[in-house]
Amino acid sequence: MVFFVGEEQPIMQMEIANQMQAEEALRDRERELSLLVDMVPSHLWRLTPEGEPTFFNRRMTDFLGLDVPDTDKPGMSRLDVLISTVLHPQDAVEFGETLRHSLATGVPFSLKYRLRRTDGLYRWMSSRAEPLRDHTGRIVQWYGLCHDIDDLVTAQEALHDRERELSLLVDMVPSNLWRLTPQGETTLVNKRMANFLGMDLDDTQQLAVVFDTIFHPDDAGEVEAVLGSCLRTGERFSMKYRLRRSDGVYRWMSGRAEPLRDEDGNIVQWFGLCHDIDDQMHAEDALRRAYDKLAQATQAASLAELSASIAHEVNQPLAAIVANSHACYRWLSATPPNVERAKITAERITRDANSAADVVSRVRALFRRTPHARSPEDVNRLTSEVCQLMVDEAAAKNVRIRTELAPDLPSVALDRVQIQQVLVNLIRNGVEAIEAAADSQHVLQILSSFDGPDAIRIEVRDDGTGFKDAERVFEPFFTTKPHGMGMGLAICRSIIESHGGRLWMANNEMRGATVAFKLPLAASETP
């Protein structure tokens, strides 16, 4: 290239200007990268292949309160100074071993540890580092990045503590807790239930196997049917059943379960709870047996007392009749016959016969009641109270009492105690009839309604065995029960008739029987 004199200087100046512009652009790029490195919301650092720190970004130096030159100490490497100065004592050994392993093998570094902030507080960090290699594969330096995860770790620890607390609470609850999927698969039991069943809590596959065999054979079908219905409809589950304990003994439980739903109302899981009520059930059963025995003894004693009283009272006039009859025969057989004495004896026979009739009248009076003061009563409320009184006795025989009471029935003037006696007797008879039937639905219905414009009717319907001799059920001392006295329905009829009403019965068309009575709104006071 040929330059003319005077042209060389402008060309050189142009080259110098271009070089200065390139250098300025490079400096701008370096400042931009440096600003970017300092603005990254993480700690950035760089190490030599031997692990000596050569760079911290500003965020890291602000956090630690020191920069790379501050780690220069005689007799110690920068890495050792850094580890002993800012690492938590419990994390320092693991950090040093893990980092030195990465430096020796080239494996990327990854670890969680605690760094001391400039105010002396330690905060958890999640750190990673990767090696930079040249074209030959030799490591020329390491670049690292660590994020502050202290808030996350604290939240996780709090969550874990809460989970442990809830888990402990679930295991300490004095009841058996369990959880089901919407399809009915058991996914969780608490420790108390696992111990009861003899299960291993860690063996989740054991749940399905165990739950297929824990219910008493007599209860398993009903539990499956009721629970299946609840799973389909979303209704609450509630029933009593027997569970097999780990030693093979079945114990009564009172179980309940409710569904947990999401925002759209879909069931996501079921939570259940069952209490051990075996001791209570046995105590109630013993109490019922004692009550039945007492009732039988009372009936026997009453009947014996009644029989003795009737025999005593009837025997006296009958004995007198027999004696006077013999005397009358002797007077008439005399020669000549003593007619006057025979007449006197015949009058005595008539008197004694009337005495016997009076005894019979007093026995009949057992089935009538002396009139008591009567007051207006709500028949529906009275019926509900008696049903509540009898519900436990009915439940003990697996019978449900269902009422259908007509609203707005007027009050009736009646003897409250006597009508209660009638209802208790009719309900007990219905429950016993249902219990004796093999294919009963175990439901006793009680209905109230108007019977014409001036009377109220109460009906007790059962689906039991019905009456085989309907013509005699109201006769005193007639009974079809092994231990019955045959007085219940007769007394009930007497009470209702003393109120001016009527009591009757009829076998139902399909099965069972209905006993009904009506009370006039203007009740009679006839004794």
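A crossing of two helices is called right-handed if the near helix is turned clockwise from the far one by less than a right angle, and left-handed if the turn is anticlockwise. In this predicted model, helix 11 passes helix 12 in just such a right-handed crossing. Helix 11 spans residues 379-396, and its axis lies 10 Å from that of helix 12, at an angle of about 40 degrees. The two helices are therefore oblique to each other. On the side of helix 11, the contact is made by Leu382, Thr383, Glu385, Val386, Cys387, Met390, Glu393 and Ala394. Helix 12 contributes Arg416, Ile419, Gln420, Leu423, Val424, Ile427, Arg428 and Val431. Sorted by class, the contact of helix 11 with helix 12 comprises ten nonpolar, two polar and four charged residues.

It helps to place this pair within the chain. The protein chain holds 13 helices and 17 strands. Of its 527 residues, 33% count as buried. Among contacts between residues at least 6 apart in sequence, 54% join residues at least 24 apart.

A second helix pair invites a look alongside the first. The axes of helix 3 (residues 78-86) and helix 4 (residues 89-105) come within 9 Å and cross at roughly 150 degrees. Angles over 145 degrees count as roughly antiparallel, and helix 3 and helix 4 are therefore described in that way. The crossing of helix 3 past helix 4 is right-handed. Leu79, Asp80 and Ile83 of helix 3 meet Ala92, Phe95, Gly96, Leu99 and Arg100 of helix 4. This contact has five nonpolar, one polar and two charged residues.

Helix 3 also has buried residues, namely Leu79, Val81, Leu82, Ile83 and Val86. Leu79 and Ile83 thus appear both in this buried set and in the contact with helix 4. The cover over the buried residues of helix 3 includes helix 4, together with helix 2 (58-64) and strand 2 (53-56). Strand 3 (109-116) and strand 4 (122-133) are also among the covering elements.

Turning to the backbone, several loop residues deserve a friendly mention. The peptide bond from threonine 335 to proline 336 is cis, with omega near -5 degrees. Proline 336 sits in the loop that links helix 9 (278-333) with helix 10 (339-364). Aspartate 408 is not a glycine, yet has a positive phi of about 60 degrees. The loop between strand 12 (400-405) and strand 13 (412-414) contains aspartate 408. With a relative accessible area of 73%, aspartate 408 is exposed. Histidine 442, likewise not a glycine, has a positive phi of about 60 degrees. Histidine 442 belongs to the loop between helix 12 (416-436) and strand 14 (443-450). Its relative accessibility is 22%, so histidine 442 counts as partly exposed.

The final site lies in strand 17 (residues 513-520), where threonine 514 is placed. Is threonine 514 buried or exposed? Buried means under 20% relative accessible area, and threonine 514, at 11% relative accessibility, therefore counts as buried. The side chain of threonine 514 makes a polar contact of 2.6 Å with the side chain of asparagine 508. Leaving aside residues up to four places away in sequence, threonine 514 touches Glu459, Val460 and Arg461, as well as Trp504, Met505, Ala506 and Asn508. Asparagine 508 therefore figures both in the polar contact and among the residues touched, where a contact means heavy atoms within 4.5 Å.

Conventions:
Residues are numbered from 1 along each chain as its sequence is written. This is a predicted model: local features need pLDDT of at least 70, side-chain atom pairs count only at pLDDT 80 or more; totals for chains, interfaces and linings use all residues. Side-chain values use heavy atoms; hydrogens and water are left out. Axes are lines fitted to C-alpha atoms, for helices over the stretch in contact, and angles run from 0 to 180 degrees between N-to-C directions. Helices (H or I, at least four residues) and strands (E, at least two) are DSSP runs, numbered from the N terminus. Angles under 35 degrees count as roughly parallel, over 145 as roughly antiparallel, 65 to 115 as roughly perpendicular and the rest as oblique. Ala, Val, Leu, Ile, Met, Phe, Trp, Tyr, Cys and Pro count as nonpolar, Asp, Glu, Lys and Arg as charged, and the others, Gly among them, as polar. Buried means under 20% relative accessible area, exposed over 50%, partly exposed in between (1.4 Å probe, protein chains only). A polar contact is a pair of N or O atoms within 3.5 Å; within protein, one must be able to donate a hydrogen and the other to accept it, and residues adjacent in sequence count only if both atoms are side-chain atoms.
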